[in-house]
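Reader: Please take a close look at a single part of this model, namely the pairing of its strands, and then place that part in its surroundings.

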Amino acid sequence: MNSTTTENTRLTLAMNGISFNWRAYRSVFALIAVMVVLSVMTDGTFLSPRNLTNLTRQVSINGILAIGMTFVILIGGIDLSVGSVVALAGVVAGVLQVNFGLAQWTGYHAWIASVFSILAATGVGIGCGLFNGWLITRHRIAPFIITLGMMVIARGLALIFANGAAIAPLSDSFNFIGQGYLSPFVSTVLVSLLGSGVVVACLLKKQRTLTHYLSALSALAVTGFALWVFQGYRGLPIPVLVFSVFGLLGVLILQRTRLGRFILAIGGNPEAAWLAGVPIRKISFGIYTTIGALAGLCGAILSARLNGALPTAGELFELDAIAAVVIGGTSLVGGIGTVRGSILGAFFIGALNNGMSLLDVTEFYQKVIKGLIIIFAVWFDMRQSSSSSRR
Amino acid sequence: MLLSIQGVSKSFSANKALDRVSLDVYSGEVLALLGENGAGKSTLMKILSGVWPTGTYEGEIKIYHSETLRLEHVTLKDTRDAHQAGVAMIHQELSVFPELTVAEHLELDRLPSWIQWDKLFLRTQTFLDSLDFGLRAETLVKDLSVGGKQLVEIARALYRKAQVLIFDEPTSALTDHEVNRLYTVIARLKSEGKGIIYITHRLDEVFGLADRMIVLRDGRNAGEANAYRDGKKVPRAELEPMLISWMVGRSISDIFPPRNQSMGAELMKVKNLSLLSPKGKSLVSDLNFTLRRGEILGLGGLLGAGRSETFEALFGVLNGSGPRGRGYRITGEVWLDGQMRQTETPIAAIAAKMAYVSEDRKGTGLVVNQSIRNNMTLPSMASGILGLSQGNSFISPIRQDRELEEVQVWMKNLRIKAAHVDQSAHELSGGNQQKVVIAKWLMTSPDILFLDEPTRGIDVGAKVEIYQWIQRLASEGIGIVMASSEMPELLGVCHRILVLREGRFSAEFRADQATQEDIMRAASL
């Protein structure tokens, strides 16, 4: 009697796993579909290792911001200031490099100067995040308002510090974080290690369901594809490396740790979470600070990629990040969503941008098409989830 | 006959919610629909009111047609179709818009795009006068009491010429006065030939109101009884055991299990507990009481007398770093096992081995959009009690196997009916949701358990199970404080009862020596 019951639970669990993953894999299929269509339309240019390497690098910044934004949205908040913070942090790094002469340092001093600039940019981001978090958690002002204010403040500060103009050139060692590559050999080793690690982790489970095999298989496929891409051009771009690290951390934190549970609970029902002993204020504060830090780091990466800090950089980055999160299936109400979805969402948007540029669609039309696709994606997702919840 | 449901079945994935249920409603009668939570009442009513459209279930629904003058098979694609067919639902949680007037509510689905207010008020007021509910067309609904809002819903149903009115737990939020008025209204609807389906948990109501009773259990017709035999009322003593046995599937000789007899040492002492609201209003003042191991202490009192506030003050809910608390002032001391303890936040309270099953399941008890598993382990996970994670830092990995094991144990212990541990909490019936809340706190193996209305809105069977658990926990040496507005429950479960009035204790009784009248007098005086 008993064993049949557990057998049944396991069976329903497995079935549940399949239906759940169909939902998760759907966005994967959407991404693959977009890639196939774009490859055909561009006669394969899209699918070349060179283009795909560039694509991943373009996606990185939005991807990193989207990971942070996922956590913010999961606790039922929003951060509109990330774009401006990216600009402010970039400008601060630029001012240090150019106006304070760090870019002139040579030898290993140059690397110290660059690391210092990057840390300073991140620090500026943390400062903005602390300010947001402090006002939101301690003074209970709506995050929309606070971060809207911060969006304008940070933009203003960026313009002030940069005197309204671009700051350039930056040192080569600093630019490495935006433009550099890991050598193809190192990239191969790293990607293979990581890929096989994920595959093994999927297969090491005590109770293996179909889901685990599917995850292992897809991890294998992604690894293979990544190897082909990065081998075929110049290796793994540094921004992509940073993105991957934060992506992995984000996924693990949300899925596997206490913190992930707490975040979901806070977003689902803050009162119940609080009553259950979850330190909601501390966690919210930490999350706003973290996204600030990520935005600061992205500021450094962006100015390094452009070899110059623009006070007008990062416009609408917050909306791209929110779009990636939403396309990835995270609910704006809070409590429901995944980091993996947001990463896919970022790739989805990135692939569209890249493909349309390859097809010589002018930027004005790109915007319209992108907007329509965001609306369609979310509408489709809502339709699917409402029909699945109604059954 | 106004309505006939024949052999309706509906499944949610593997769960059969309704299994060939049949039910007839005649003109001029009150049909009481009884059943435990999860018995299928709500699903059946959702089908009737068009929430689950025709085609998502099997079986037939026929409704009396005012033109053909006979029962016609109907297709209900949505709630609008149901209105048109003459079926109206008076909801448990009133679905009214606070900022609109009564007149707008009456014409909500047919408001012209350009509103001529004077004509709208005139036409609706004429109708309202004919009902004699004492409603004014131009009143904003937010200015009405709960009972008043309910009258608006009834008026709206009648304005749409509803033939069958479904009342879902209509008295759960009403004052005594409003309840009486509602009964009068129902009696009048009956005399006007409407058919009424009355869903309730309270057997008292059933014997006062119903002409006929139908009981559902596990999605099936479990029994049907007539309130009258040969023109005379059937005595309650005859009907009640029958109804209860149909509802729970077994006869209950005694709803309240015997009280725990073994009491231990003093566990908690509360000294001079007071709570001031941010506006300086005294919510609770100067409470002093003790609790022994194995003791069940009852908190009685009217709504707003300070029962929940007492718990919230003791459990640290109103601390400034919480979502609600800001500017509350709490004074007083809590002594546990002879030591003074600070319980200024729930985190500290849980560390002091307290647990709090709050009154509002959906508002503060559960994260309803999340799984049974996530809900059940949240307090243990937060306090690190059960070793559900490898270490207690934020980024400690969860031990998934261990967690699953614990959740399954408690689902079995409390007999929680669910498809699997990852089922979302909002898909559960009220009784099962309550059990999840209780389980999540018992998992933390508390010394002190606060229960606020632990059996509100759940069925007899689940109630009995919860009473048994309360006695069992007491016998294991846990001290329990239980607040309830149901006096029989306080008298049947507790050892001692403290009655609150306007935030102060007005009396203390030994439960075996007190009567409902004693408590009532102390509560209201």
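Author: Two strands are taken to pair if DSSP finds at least two bridges between them. The elements themselves are DSSP runs numbered from the N terminus, helices being H or I over at least four residues and strands E over at least two. This is a predicted model, in which local features need pLDDT (the predictor's confidence in each residue, from 0 to 100) of at least 70, side-chain atom pairs count only at pLDDT 80 or more, and totals for chains, interfaces and linings use all residues. Residues are numbered from 1 along each chain as its sequence is written, while chains are lettered from A and ligands numbered from 1 in the order in which they are written.

On these terms, chain B holds an open sheet of four strands, ordered β14-β13-β16-β17, whose pairing is antiparallel. At its edges stand β14 (282-292) and β17 (339-341) of chain B, each of which pairs on one side only. From one strand to the next the twist averages 15°; for such angles, axes are lines fitted to C-alpha atoms, for helices over the stretch in contact, and the values run from 0 to 180 degrees between N-to-C directions. The edge strand β17(B) is joined by three bridges to β16 (residues 329-336) of chain B, and these two run antiparallel. Within that pair, B:Trp335 is placed opposite B:Met340 of β17(B). Helix α9(B) packs on this sheet, where it touches β13 (266-276), β14 and β16 of chain B, and its direction makes about 75° with that of β14(B). Contact here requires C-beta atoms, placed from the backbone, to lie within 7 Å.

A second open sheet in chain B has six strands with mixed pairing, in the order β18-β19-β20-β15-β21-β22. Because β18 (354-357) and β22 (504-510) of chain B are at the edges and each has a single partner strand, one side of each is left without a neighbour in the sheet. The twist averages 20° from one strand to the next.

At one edge of this sheet, β18(B) pairs with β19 (residues 448-452) of chain B in the parallel sense, over four bridges. B:Tyr356 is found there opposite B:Phe450 of β19(B). Helix α9 (residues 307-315) of chain B packs on this sheet as well, touching β15 (296-301), β18, β19, β20 (479-483) and β21 (496-501) of chain B, with its direction at about 150° to that of β19(B). The helix α9(B) therefore has contacts with strands of the four-stranded sheet and with strands of the six-stranded one.

At the other edge, six bridges link β21(B) and β22(B) in the antiparallel sense. B:Arg496 stands opposite B:Arg510 of β22(B) in this pair. The two strands form a hairpin with two residues between them, in which B:Glu502 takes a positive phi near 50°.

What surrounds these strands in chain B? The domain assignment, whose bounds come from an automatic or database source, divides chain B into domain 1 (3-96 + 160-174 + 185-248) and domain 2 (293-327 + 337-524). Taken over C-alpha atoms, the centres of these two domains of chain B are 33 Å apart. Also in chain B, helices α12 (residues 372-383) and α14 (residues 430-442) pack at an angle of about 35°, their axes separated by 6 Å. On the α12(B) side the residues are B:Ile372, B:Asn375, B:Met376, B:Leu378 and B:Pro379, and they meet B:Val436, B:Ala439, B:Lys440 and B:Trp441 of α14(B).

Chain B also meets chain A, with 36 residues of chain B in contact with 31 of chain A. On the chain A side, the elements giving two or more residues are α1 (2-41), α9 (238-256), α10 (258-268), α11 (270-275) and α12 (280-306) of chain A. The largest share of that side, seven residues, is supplied by α10(A).

Confidence in chain A varies along its length. Its mean pLDDT is 88, and 91% of its residues reach 70 or more. Among its elements, α12(A) has the highest mean pLDDT (97) and α1(A) the lowest (61). Over residues 1-21 of chain A, pLDDT stays under 50, and the model gives this stretch 17 contacts beyond four places in sequence.

Two backbone details of chain A remain. The peptide bond from A:Ala168 to A:Pro169 is cis, with omega near -10°, and A:Pro169 is placed in the loop between α5 (143-162) and α6 (172-179) of chain A. A:Asp360, in the loop between α14 (339-358) and α15 (363-390) of chain A, has phi near 60°, a positive value in a residue other than glycine.

Notes:
Two residues are in contact if their C-beta atoms, placed from the backbone, lie within 7 Å.
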